[in-house]
Amino acid sequence: AACALDGSEPVQGALADMDAAGVDRAVLLGWYWENAATCAEQNRFLAEVVRRHPDRLEAFATLHAAAGFEAVRAELVRSRDEGLSGLGELCPPAQGFSYEDPALAAALELAAQWRWPVNLHVTEPAGRAYPGRVETPFMELMALAQRHPAVRFVFAHWGGLLPFFELNRAAAKPLANVWYDTAASPLLYRPEVFRLVAQAVGAGRILYGSDYPLRLYPKHQAEPEFARFLAEIRGCGLGADELAAVLGGNWQRLRGEVGEESPSSSGGRAGRARG
């Protein structure tokens with residue numbers, strides 16, 4: 001979790017691991033805490049990290065809808081003014097509020113206005129049981145994306161394989177404003193998931209996400225690092241242009257840093273790297 005980075009040494013360790021793997025920038029995502037005060041504390045922490053390393057790191061704010069509309073708005077405005085640039089990771093089912101909560105809806109309206117990406121945790125429906133696992137109500141998640149078409153959603157962990165829902169024509173339109181990140185992919189899916197999702201929705205909607213500092217290969221990793229997963233991605237069967245898009249170009253386009261029709265690689269940019 002991001003708040004584990006409570007000193008300079010872990011931050012420097014993350015930057016060193018980025019250097020070793022050729023990752024030039026990373027996006028730090030917050031955790032879906034169960035009370036608003038902890039969300040605010042984490043936002044302050046992430047803002048300070050970004051202030052210290054603006055050339056390498058950016059970060060998203062997190063929230064808890066139970067704080068109410070006015071408090072959520074004030075927290076997000078403060079987070080924006082402190083340099084945060086997105087919203088997430090959120091998980092309403094785990095945090096105890098609804099996808100239809102008015103405070104969440106208001107936050108999403110701000111995200112659309114500010115062109116903030118919004119990252120939502122999605123639990124794969126066929127996975128194993130583990131402590132803290134909370135099921136995702138997929139139809140409610142799809143309805144959320146449809147209610148907020150101006151929001152650029154990022155559904156984590158391949159969206160629990162929601163991309164394959166888009167093979168059904170009725171599901172493709174509601175998910176048109178959704179990108180899918182690859183966080184924790186080696187713990188969940190075989191490497192061919194990259195090629196298959198690219199065939200289903202196009203490589204232009206896949207965002208590299210590391211889930212760092214999670215050890216994605218626990219049998220082979222004593223410490224977290226980026227390089228092994230990046231090597232797996234590069235060997236997964238995507239073409240050179242597709243790889244360039246997944247490993248940076250798509251994020252640049254999503255953020256409006258390059259033209260929509262000209263994705264380019266930023267070397268090894270982490271579209272999502274949880275601190």
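1. Helices and strands here are DSSP runs, at least four residues for a helix and at least two for a strand, numbered from the N terminus. With that in hand, L214 is easy to place: look in the loop between β7 and α10 (227–234). Keep in mind that this is a predicted model.

2. Is L214 buried or exposed, or somewhere in between? Its relative accessible area is 37%, so L214 goes down as partly exposed. L214 also has company at the surface: together with L187 and L188 it makes a nonpolar patch of about 220 Å².

3. Now hop to R205, in the loop between α9 (193–201) and β7 (206–207). You might wonder why R205 counts as buried. Buried means under 20% relative accessible area, and R205 counts as buried because its value is 15%.

4. What does R205 touch, leaving aside residues up to four places away in sequence? The list is E166, L175, A176, V178, W179, Y180 and N250. For V178 there is a polar detail to look at as well: a polar atom of the R205 side chain lies 2.9 Å from the backbone oxygen of V178.

5. V178 also leads us to strand β6, which covers residues 178–181 and includes D181. D181 has 0% relative accessibility, so it counts as buried too. Where does its side chain reach? The side chain of D181 gets to the backbone nitrogen of A183, at 3.1 Å.

Key
Residues are numbered from 1 along each chain as its sequence is written. This is a predicted model: local features need pLDDT of at least 70, side-chain atom pairs count only at pLDDT 80 or more; totals for chains, interfaces and linings use all residues. Side-chain values use heavy atoms; hydrogens and water are left out. Buried means under 20% relative accessible area, exposed over 50%, partly exposed in between (1.4 Å probe, protein chains only). A polar contact is a pair of N or O atoms within 3.5 Å; within protein, one must be able to donate a hydrogen and the other to accept it, and residues adjacent in sequence count only if both atoms are side-chain atoms. Contact means heavy atoms within 4.5 Å. Patches are made of residues with over 30% relative accessible area and no salt bridge: like charges are joined within 9 Å, nonpolar side chains (Val, Leu, Ile, Met, Phe, Trp, Tyr) within 5 Å. Accessible areas come from the Shrake-Rupley method with a 1.4 Å probe; for residues, only the protein chains shown count as cover. A salt bridge is a side-chain nitrogen of Lys or Arg within 4 Å of a carboxyl oxygen of Asp or Glu.
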